Amino acid sequence: MKALLCHAWGVADDLKVEEAPTPSPGPGQVLIEVGATAVNYADSIMLAGHYQTKPPFPFSPGMETAGTVAACGDGVADLVPGNRVMSILPYGGMAEQTLAEASDTFRIPESMPITDAGAFPGAYLSSHVAVRWAGRLEAGESLLVLGAAGGVGLAAVEIGKALGARVIAAASTAEKLAAAEAHGADDLINYGDGDLKEQVLALTGGAGVDMAYDPVGGDLFHAALSSLAWGGRIVVVGFVGGIPQIPANRLVVKHRAVMGSCLPYYQRRALDKFRRSGQELLDWYAAGHIRPLISQCLPLARGGEGINLLTERRAHGRILILPNGADDLDG
Ligand SMILES: NC(=O)c1ccc[n+]([C@@H]2O[C@H](COP(=O)([O-])OP(=O)(O)OC[C@H]3O[C@@H](n4cnc5c(N)ncnc54)[C@H](OP(=O)(O)O)[C@@H]3O)[C@@H](O)[C@H]2O)c1
């Protein structure tokens, strides 16, 4: 099979398409014929050798995928070859075939295009577990989403709306905010228009928001923390803008809370919640409440370019890599 391979810690430009052995599924695993794999910011961190998972060389990036089950390992009960699926992966999605744990894999409805499924699991599952289980967002509450046109950010906007919240989307450009509005955001904040906290207070009658969703970190974390209402929660999922230090006094003053949310926690230690999240998201998709934004589809050889679009802050929604070409998708 062909795979986009990383031979040493470095940058996305070093990736090359090469021949690689087709992996064989072990117990509890499935082999997936890859249709579409979305790019994640964390792909760049893994390639640099700074991610918690450090795969043996050579490896392919790609932390999620959608395609067709080609083979099943021992002990896989709920999936058979031919099933259309989406899955969260440790890595390896930027290849013609890849391995996934069956417990991290979801069957998708016949009506769901493989491109939508490829754009789906990483962003929606990461944001769903963060918003629903860590942040415990309730209908009628307000939710501030930073990086609201990014992969996980745009998913959080839609999830907030599906849960019945008022969603305030924050991003760096008018184009990104237009994407957030098209996906349901009630109010929009451009960082360039002034202090984030002042803009949030103006939109909420001085009260602040009940919850903030933060995939960005850096100075924006502190502004979002200050934007919380009494009893507000901020859920931290990522640090593309730097790792903030948390001053405990600012939590006590208004009875605020900071929570971390990490998708692998749910996969490995709260599987019931992980599976319930996947099912609720697929139900919302079937009902038309959520729809991934796919801004570009690229061939395998341009996978590195896709990763660079995220690190250069030029992406909105999801960038897809199509290892087997676009012609055969969805039969
Ligand atoms: N904890 C978890 O379970 C989990 C799961 C998935 C992803 N993540 C993390 O979430 C973060 C976002 O991932 P993603 O795949 O959604 O990325 P993405 O699509 O690139 O979105 C990130 C957003 O952050 C903003 N941003 C601010 N400063 C940036 C910078 N210096 N470089 C790039 N973007 C910057 C950009 O929006 P503006 O231009 O509008 O500011 C961009 O849209 C990453 O840190 C990732 O590791 C965490």
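Where is the place of Pro58? In this predicted model, Pro58 sits in the loop between α1 and β4. The peptide bond that leads into Pro58 from Phe57 is cis, and its omega is near -15°.

The ligand makes a useful next stop. The shell around the ligand holds 23 residues, and those that come nearest are Gly151, Ser172, Lys176, Ser261 and Arg313. Sorted by character, the shell has 13 nonpolar residues, eight polar ones and two charged ones. Several contacts can be followed atom by atom. Lys176 places a polar side-chain atom 2.7 Å from an oxygen atom of the ligand. Val152 uses its backbone instead: a polar backbone atom of Val152 is 2.9 Å from a ligand oxygen. At Ser261, a backbone N or O atom lies 2.7 Å from a nitrogen atom of the ligand. The ligand taken alone exposes 900 Å², of which the protein buries 88%. Three elements give two or more residues to this shell, namely α1 (41-47), α4 (151-162) and α11 (303-311).

Where does the ligand lie with respect to domain 1 and domain 2? Residues of the shell come both from domain 1 (2-120 + 292-322) and from domain 2 (133-264), so the ligand lies between the two.

Arg313, one of the residues nearest the ligand, has a backbone feature of its own. Its phi is positive, about 65°, although Arg313 is not a glycine. Arg313 belongs to the loop between α11 and β15. With a relative accessibility of 58%, Arg313 counts as exposed, a value for which only the protein chains count as cover.

The neighbouring stretch of chain brings in the salt bridges. Side chains of opposite charge can pair when their charged atoms come close. In this model the count of salt bridges is ten. One of them joins Arg314 to Glu312, with the closest N and O atoms 2.6 Å apart. Arg314 has a relative accessibility of 53% and therefore counts as exposed, the cut-off being over 50%. Glu312, at 44%, counts as partly exposed.

Two further salt bridges have buried partners. Glu64 pairs with Arg318, and their closest N and O atoms are 2.8 Å apart. This pair links distant parts of the chain: Glu64 is in strand β4 (residues 64-72) and Arg318 in strand β15 (residues 318-322), with their positions 254 residues apart in sequence. Both Glu64 and Arg318 are buried. The second pair is Glu141 with Arg233, where the closest N and O atoms are again 2.8 Å apart. Glu141 lies in the loop between α3 (121-134) and β8 (142-145), while Arg233 lies in strand β12 (residues 228-236), so this salt bridge ties together parts 92 residues apart in sequence. Glu141 and Arg233 are both buried.

Helix α3, which comes before the loop of Glu141, is mostly covered, with 13 of its 14 residues buried. After α3 comes Arg136, whose phi is positive, near 50°.

What covers the next few positions is a mix of burial and exposure. Ala182 lies in helix α5 (residues 174-182) and is exposed, with a relative accessible area of 65%. Ala182 and Leu293 are 111 residues apart in sequence, yet their C-alpha atoms are 9.8 Å apart in space. Asp187 is part of strand β10 (residues 187-190). A relative accessible area of 16% makes Asp187 buried. The side chain of Asp187 is in polar contact with the side chain of Arg166, at 2.8 Å.

The last stop is strand β13 and the loop before it. His255 is found in the loop between α8 (249-253) and β13. His255 is not a glycine, but its phi is positive, about 55°. A relative accessible area of 62% makes His255 exposed. Met259 lies in strand β13 (residues 257-260) and counts as buried at 18% relative accessibility. From Met259 to Ser277 is 18 residues along the chain, and their C-alpha atoms are separated by 18 Å.

Conventions:
Residues are numbered from 1 along each chain as its sequence is written. This is a predicted model: local features need pLDDT of at least 70, side-chain atom pairs count only at pLDDT 80 or more; totals for chains, interfaces and linings use all residues. Side-chain values use heavy atoms; hydrogens and water are left out. A salt bridge is a side-chain nitrogen of Lys or Arg within 4 Å of a carboxyl oxygen of Asp or Glu. Helices (H or I, at least four residues) and strands (E, at least two) are DSSP runs, numbered from the N terminus. Buried means under 20% relative accessible area, exposed over 50%, partly exposed in between (1.4 Å probe, protein chains only). A residue is near a molecule or strand if one of its heavy atoms lies within 4 Å of it. A polar contact is a pair of N or O atoms within 3.5 Å; within protein, one must be able to donate a hydrogen and the other to accept it, and residues adjacent in sequence count only if both atoms are side-chain atoms. Accessible areas come from the Shrake-Rupley method with a 1.4 Å probe; for residues, only the protein chains shown count as cover. Ala, Val, Leu, Ile, Met, Phe, Trp, Tyr, Cys and Pro count as nonpolar, Asp, Glu, Lys and Arg as charged, and the others, Gly among them, as polar. Domain bounds come from an automatic or database domain assignment.
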